[in-house]
Amino acid sequence: MNRVSWSAIALVFAIIVIRGALAAQESRSDPRQPDMARFVDITREAGIDFRHINGASADKHLIETMGSGGLFFDADNDGWMDIFLVDGGSLADPALAKQARHRLYRNRGNGTFEDVTMRSGITHRDYGMGACAADYDNDGWVDLYVTNRGSNILYRNTGHGVFTDVTASAHVGSTSWGASCAFADLDRDGDLDLFVTNYVQIDAAHSPYCGNVQLRVRFYCHPLNFEPLPNIVYRNDGNGSFTDVSAKYGISDRRGNSLGVVIADYDEDGWPDVFVANDSVPNFLFRNSGGTRFEDVALRSGMAVATDGKARAGMGIDTGDYDEDGHLDLVVTNLDFEMHNLFRGLADHLFFDATSESGIGFATLPFVGFGTVFLDYDNDGHLDIAIANGHIMDNAPQYHAGATYAQRNLLFHNELFQNQTGRRFTEVGRSAGSGFALEKVSRGLAYADIDNDGDLDLLVTNNGQTADLLRNDGLARRSGAEAAG
């Protein structure tokens, strides 16, 4: 038997061992967990009928593997969180590309949502990727920014969820492959600036061939086959327009295959810093030096690479103090067989790769992670972690023996009440209800209290598939039932 066959057998065996061990671990999960959370898939009954168009084709354009962003925000200021879903498109089929359209769903406040896309003024243009929302003009209405492979779009909320495309006058229409975005007051002048991550440079007409010619198996190309792009920071000028200050602020000096972004003050100096997850190159941590200059301190802080000194396929990223020691921690999602990373914040503005000690590493080995969030889903006062998973390769088993394209999502419960160091998590997804039993090609993940019942619900977006709205039937709902009884 040749070496390739032995490698394949060993890989399959490793996956079986990992999955068996994970199942055993789940059987020893927190005994209180069955009473604490049930995420129920209410997508259909809530009226969410969106299906993402990825334009998957024989040409294997890399962009077909990404996309399907989404978020919660209160578009009409009625106190109920609405849903925005980003559609993709197609580089290979113009007719299919025309069918793609973003969707805005208004929360009726009764457990259902109304599709208000047509009257919202939001239209689809280019291949959509992600989105972020904030009140950039301080008029009391939340605005919306959509990233694309093509021109990004800024929609100004003119009131009650009606939007106007102000991209041209605001000067924020980058035509690079925009991935994620985040609003924050980076210079502390009272209005929100905009940070946009860009991925790689691609040819929209042609995709390079990657795969095995002899076996006639073609794969999506690795991002290192393409040129990386610089990220963008737009300074809000306070008059409805922005200025690209990427070069001035030192952002454009660093090029990475950037995907996820989150903004937080990691060094507690009062200035927002920018964390960026990079795919297969070291992550970025742009330290804010007084609102006029940023320095990438990721390497010396300890979160640029994993503990073995190698870069990972960083995709999703979030911050939160999971061990409650007063220092920000980081979770970064990666490819399968890499482990998703958990970086624990230390004193002196450093991070320790706590992936193994936290219990995150082993449990995430078989999964390709994208969206991730810190959240207290069971209202016990401690931050848990949710992760959206789904493979890049639609022919994943041919790429890696034992790999799967559709994957289940993960829910990690913070075991602080059992372990006072606050440094351990247990993966409890299989016992967390029908919502976490779904196996799809997941990409985006967002949380909000959609029914105002006091616990957090989830939105999962999926590549080339329907989105999932997961209602948390947790402590608040159970307490209400007990009170009624």
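How many salt bridges does a search of the whole structure find? The search turns up 22, where a salt bridge is a side-chain nitrogen of Lys or Arg within 4 Å of a carboxyl oxygen of Asp or Glu. As a general reminder, side chains of opposite charge can pair when their charged atoms come close.

Some bookkeeping before the details. This is a predicted model, so local features need pLDDT of at least 70 and side-chain atom pairs count only at pLDDT 80 or more, while totals for chains, interfaces and linings use all residues. Residues are numbered from 1 along each chain as its sequence is written, and side-chain values use heavy atoms, with hydrogens and water left out.

Here are three of the pairs, with N to O distances.

| Acid | Base | Distance |
|---|---|---|
| D76 | R106 | 3.0 Å |
| D165 | R125 | 3.3 Å |
| D137 | R156 | 2.7 Å |

Take D76 and R106, which bridge at 3.0 Å. D76 sits in the loop between β2 (70-73) and β3 (82-85), and R106 in strand β4 (residues 103-107), so the pair links parts of the chain 30 residues apart; strands here are DSSP runs of E, at least two residues long, and helices are runs of H or I, at least four, both numbered from the N terminus. D76 is buried at 13% relative accessible area, whereas R106 is partly exposed at 28%. Buried means under 20%, exposed over 50%, and partly exposed in between, using a 1.4 Å probe and protein chains only.

With D165 and R125, the salt bridge ties strand β9 (residues 162-165) to the loop between α4 (117-120) and β6 (127-134), parts that are 40 residues apart in sequence. D165 is partly exposed at 35%, and R125 is partly exposed at 35% too.

D137 and R156 meet at 2.7 Å. D137 is in the loop between β6 and β7 (143-149) and R156 in strand β8 (residues 153-159), 19 residues apart. D137 comes in at 23% and R156 at 29%.

Beyond these pairs, D49, R101, R103 and D115 are linked in a network of salt bridges.

Back to β4: 4 of its 5 residues are buried. β4 runs antiparallel to β3, joined by 3 bridges; strands count as paired if DSSP finds at least two bridges between them. Y105 in β4 is the bridge partner of I83. β4 also pairs with strand β5 (residues 113-115), in the antiparallel sense over 3 bridges, and N107 stands opposite F113 in β5. The hairpin of β4 and β5 has 5 residues between the strands, and G109 there takes a positive phi near 85°.
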